[in-house]
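Here is a walk through one protein model, taken step by step. Keep the sequence and the structure in view as you read.

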Amino acid sequence: MKQELLPKSLAEKIPALYEQDGKGIQSVAHVKLFHAYGGGTWLICEIDSDHDLCFGYVFGLVPGGDEFGYFSVSELAGLCAHINGQKIEGLQAIERDIHFKPTPLCDIPEVKKSLEARGW
């Protein structure tokens, strides 16, 4: 069974795009999505009114490629898992950390380490 990455009840609790503008690493991440079979974590800080386009911090995709940016929940939901180079139909690649609680980015160890490495 596929996990719903961003249920409406959860999406409605996330600030609208630009609501945390200017807060930088003090911005609060409300949702954590991660690649269950590879690298990559997406922290959602803000979301548009359609609950698809998000702004947040992405890390772990490529070395040195951690960054603030925009991403689409529907595109992430459409990714299929690959194990040992084989595409596994029906296996969801991206999952939501159901235990994640809203946390300022500066208090998330992986983000703090990433930002310190970049001179923040």
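## A serine in a helix

S114 sits in helix α3. The model is a predicted one. Is S114 buried or exposed? Its relative accessible area is 9%, and the cut-off for buried is under 20%, so S114 counts as buried. Leaving out residues up to four places away in sequence, S114 touches Y57 and D66. With D66 the link is polar: a contact of 2.7 Å joins the two side chains.

Now look at the helix itself. Helix α3 covers residues 109-117. It lies across β3 and β4. Its direction makes an angle of about 70° with β4.

Next comes the sheet under discussion. General background helps here. Strands of a sheet pair through backbone hydrogen bonds, and the pairing is either parallel or antiparallel. Which kind of pairing does this open sheet show? It is antiparallel, and five strands take part. Their order is β5-β4-β3-β2-β8. The edges are β5, residues 67-72, and β8, residues 94-96. Each edge strand pairs on one side only. From one strand to the next, the twist averages 35°.

Take one pair from that sheet. β3 and β4 are joined over six bridges, in the antiparallel sense. One place to find the pairing is T41, whose bridge partner in β4 is F59.

F59 leads on to the aromatic rings. How many aromatic pairs does a search of the whole structure find? The count is four. In one of them, the ring centres of Y57 and F59 are 6.4 Å apart. Their planes meet at 35°, so this pair is tilted. Both residues are buried: Y57 has 0% relative accessibility, and F59 has 11%.

Y57 also pairs with F68. Here the arrangement is edge-to-face, with 5.0 Å from centre to centre and 70° between the planes. Y57 belongs to strand β4 and F68 to strand β5, so the pair ties together parts that are 11 residues apart in sequence. F68 is partly exposed, because its relative accessibility is 24% and buried means under 20%. Ring pairs link F55, Y57, F59, F68 and Y70 into a cluster.

Y57 and F68 meet again around L105. This leucine is found in the loop between β9, residues 103-104, and α3. Its relative accessible area is 0%, so L105 is buried. What does L105 contact, leaving aside its neighbours within four places in sequence? The list is G24, I25, S27, A29, L43, C45, Y57, F68, V111 and K112. L105 also shows how the chain brings separate parts together. L105 and G56 are 49 residues apart in sequence, with their C-alpha atoms 9.3 Å apart in space.

Turn now to the nonpolar interior. The largest nonpolar core has 17 residues. Those with the most contacts inside it are L6, L33, W42, I44, F71, L76 and I94. Four elements each supply at least two residues of this core: β2 (31-35), β3 (41-47), β4 (53-59) and α2 (73-77). The largest share, three residues, comes from β3. Another core lies apart from this one. That second core has 10 residues, including A29, C45, L105 and L115.

I44 gives a view into the largest core. Which residues does I44 touch, not counting those up to four places away in sequence? They are L6, I14, V28, A29, H30, V31, L33, C54, F55, F71 and V73.

Helix α2 also holds A77. A77 is partly exposed, because its relative accessible area is 33%, and that class runs from 20% to 50%. A77 and K113 are 36 residues apart in sequence. In space, their C-alpha atoms are 27 Å apart.

One more pair of strands remains. β6 covers residues 80-83 and β7 covers residues 86-92. The two run antiparallel, and four bridges join them. In this pairing, I83 stands opposite Q86 in β7. How many residues lie between β6 and β7 in their hairpin? There are two. In the turn, N84 has a positive phi of about 55°.

Technical notes
Residues are numbered from 1 along each chain as its sequence is written. This is a predicted model: local features need pLDDT of at least 70, side-chain atom pairs count only at pLDDT 80 or more; totals for chains, interfaces and linings use all residues. Side-chain values use heavy atoms; hydrogens and water are left out. A nonpolar core is a set of buried Ala, Val, Leu, Ile, Met, Phe, Trp, Tyr and Cys residues joined through side-chain atoms within 4.5 Å. Buried means under 20% relative accessible area, exposed over 50%, partly exposed in between (1.4 Å probe, protein chains only). Contact means heavy atoms within 4.5 Å. Two strands pair if DSSP finds at least two bridges between them. Axes are lines fitted to C-alpha atoms, for helices over the stretch in contact, and angles run from 0 to 180 degrees between N-to-C directions. Rings of Phe, Tyr and Trp (its six-membered ring) pair if their centres lie within 6.5 Å; planes under 30 degrees apart count as stacked, over 60 as edge-to-face and the rest as tilted. A polar contact is a pair of N or O atoms within 3.5 Å; within protein, one must be able to donate a hydrogen and the other to accept it, and residues adjacent in sequence count only if both atoms are side-chain atoms.
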